[in-house]
Amino acid sequence: MSLIFYSDKCIACGECVEACPFGVLRLEGETLVIGDGCNLCGACVEVCEVEALAVPETEGLAPRPETPPDGVWVLAEQRRGELAPVTIELLGEARRLAEVLNVKVAAVLLGDEVAHLSEALLYAGANQVYLAEHPLLADFVEETYAAALTELARKFQPEIILAGATYLGRAFIPQVAAALKTGLTADCTAFAIDPEKRLLLQTRPAFGGNIMATIITPRTYPQMATARPGVFKPALPAAAPDGEVIRVDLAALGRPRRSRFVSTVQEIKERIPLNAAEVIVAGGRGLKEAKHVKLLEELADLLGGAVGATRAAVDAGWIPYAQQIGQTGKTVAPKLYIACGISGATQHLVGMQSSDVIVAINKDPQAPIFQIADVGLVGDLFEIIPALIQEIKKDRG
Ligand SMILES: Cc1cc2nc3c(=O)[nH]c(=O)nc-3n(C[C@H](O)[C@H](O)[C@H](O)COP(=O)(O)OP(=O)(O)OC[C@H]3O[C@@H](n4cnc5c(N)ncnc54)[C@H](O)[C@@H]3O)c2cc1C
């Protein structure tokens, strides 16, 4: 599929060339040339005043109806019968958006024996709870959850679907968006509505957090987004909930599946949750081996802090994912952050650069971490950390 160009309408104004974020368009004299690499983003179509450019309709793509039949949906994320806090946060946000659109808010609750959670969802502002209970939904399996939500969305056709950017949401919401042939903006930090066009304005950090991008889904629906937990204020509980629970049976659950649930392995919890820690001692690839994590733990214990990690240390299997800090991990802002054997890649920095005081220990004086460190210790962490531990112990008698 390629961009449609009506050469007879083109006035060679060059607006589209300026607007193309990928540098695909160029003017050769009075002729517009469309190079390779067009991903049909439509930026050129938006600016073309003479309508010389158009994006082809995708076969099977759900067009945006004039009046979408249903409102703003929130995935009611639950694990073992407990609602994830992000659900209540998103319900608050959904209410705000739904008021502008003048539509209802619905929570979608998938699970087994989870009906008791409906009340909390109604109290948090849902006008409707779509409840699908089935033994196959008892444990989270991406394929099953994706099939269930896709079927519901096809049936009731929401205008917007919001979900938490949790490991669960990140795992299956993209599959739903792909199945519905619509867009998805991940990890949003703000939402607004363009009331005239009924568009959801989805804002999220881009380019390693250096700019905020506002993304729209102008041609397909539902408009789908995930949001980071903890960004939005939880919905205030209603004095008297005014909503209904709609039980739904899903045909998708009767179909053969390629994956099945085998067992759950519970990860050992961090001692102090990273988000609550005032001191974080984080380690990276410079730790060399899993056994050296003990060094970090000893220092963290002495300072009453938690242990964090880079993705390199997590991927190596030395530190659990729950302790990963950065773009695909947690965002933290402790009073003291001690980075040990961490180079300072942008993807790590975006998760910790708001820390009050950053101490970096690295044997490479050129390591980028020193650019944001308040205190830089150039040297071998296997000498510096034991020396720090010794000093602290000595100091405390
Ligand atoms: C889409 C995407 C998302 C990502 N998300 C994240 C994320 O959420 N979090 C994250 O951290 N990364 C993330 N990354 C990975 C990131 O780009 C880096 O690869 C990673 O942060 C590097 O980790 P590191 O600093 O531990 O390892 P390295 O970059 O290998 O650095 C190791 C450092 O240790 C130092 N060192 C070695 N030995 C010693 C010693 N004995 N004493 C002192 N210093 C020593 C070295 O000088 C070096 O600077 C992501 C990448 C991508 C592409």
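## Tyr 167 and its ring partner

Let's start with Tyr 167, which counts as partly exposed because its relative accessibility is 44%, between the 20% and 50% cut-offs. Keep in mind that this is a predicted model. Tyr 167 sits in helix α6, which covers residues 167-179.

There are eight aromatic pairs in the structure. In one of them, Phe 140 and Tyr 167 meet edge-to-face, with 6.2 Å from centre to centre and 90 degrees between the planes. In general, two numbers describe such a pair: the distance of the centres and the angle of the planes. This pair ties together distant parts of the chain, as Phe 140 is in the loop between β9 and α5 (142-156) and the two residues are 27 residues apart. Is Phe 140 buried or exposed? Neither label quite fits, because its relative accessible area is 22% and buried means under 20%. So Phe 140 goes down as partly exposed.

The rings don't stop at two. Ring pairs join Phe 140 and Tyr 167 with Tyr 145 and Phe 172 in a cluster.

## A lysine over a ring

Elsewhere, a charged side chain meets an aromatic one. Lys 9 lies over the face of Tyr 6, and the distance to the ring centre is 4.9 Å.

## Empty space inside

Rolling a probe the size of a water molecule over the atoms shows where empty space is left. How many cavities of 30 Å³ or more does this model have? The count comes to three. The largest has a volume of about 100 Å³. Its lining takes in 14 residues, and the closest to the centre are Cys 10, Ala 12, Cys 13, Cys 16 and Cys 48. Sorted by class, that lining holds 12 nonpolar residues, one polar and one charged.

The second largest cavity offers about 90 Å³ of space. Here too 14 residues form the lining, with Cys 20, Cys 38, Leu 40, Cys 41 and Cys 44 the closest to the centre. This lining has 12 nonpolar and two polar residues, and no charged ones.

## A buried glutamine

Now for Gln 128, found in strand β9 (residues 128-133). Why does Gln 128 count as buried? Its relative accessibility is 8%, and the cut-off for buried is under 20%.

Which residues does Gln 128 touch, leaving out those up to four places away in sequence? The list is Asp 70, Lys 104, Val 105, Ala 106, Ala 107, Glu 244 and Ile 246.

## An exposed glutamate

Glu 196 belongs to the loop between β12 (190-194) and β13 (199-206). At 74% relative accessibility, Glu 196 counts as exposed, because the cut-off for that label is over 50%. Take Lys 393 as a second point: 197 residues along the chain separate it from Glu 196, and their C-alpha atoms are 64 Å apart.

## The whole chain

Stepping back, the chain contains 11 helices and 21 strands. Along the principal axes, its C-alpha atoms fill a box of roughly 80 × 65 × 45 Å.

What share of the 397 residues is buried? The figure is 46%. As for contacts with a separation of 6 or more, 63% of them are between residues 24 or more positions apart.

Notes:
Residues are numbered from 1 along each chain as its sequence is written. This is a predicted model: local features need pLDDT of at least 70, side-chain atom pairs count only at pLDDT 80 or more; totals for chains, interfaces and linings use all residues. Side-chain values use heavy atoms; hydrogens and water are left out. On a 1 Å grid over the protein atoms alone, a cavity is a set of points where a 1.4 Å probe fits but cannot get out, and a pocket is an open set with protein on both sides within 12 Å along at least five of seven lines; lining residues have an atom within 4 Å of a point. Grid points are joined across faces, edges and corners, and a volume is the space filled by probe spheres set on the points. Ala, Val, Leu, Ile, Met, Phe, Trp, Tyr, Cys and Pro count as nonpolar, Asp, Glu, Lys and Arg as charged, and the others, Gly among them, as polar. Helices (H or I, at least four residues) and strands (E, at least two) are DSSP runs, numbered from the N terminus. Buried means under 20% relative accessible area, exposed over 50%, partly exposed in between (1.4 Å probe, protein chains only). Contact means heavy atoms within 4.5 Å. Rings of Phe, Tyr and Trp (its six-membered ring) pair if their centres lie within 6.5 Å; planes under 30 degrees apart count as stacked, over 60 as edge-to-face and the rest as tilted. A charge sits over a ring if NZ of Lys or CZ of Arg is within 6 Å of the ring centre and within 35 degrees of the ring normal.
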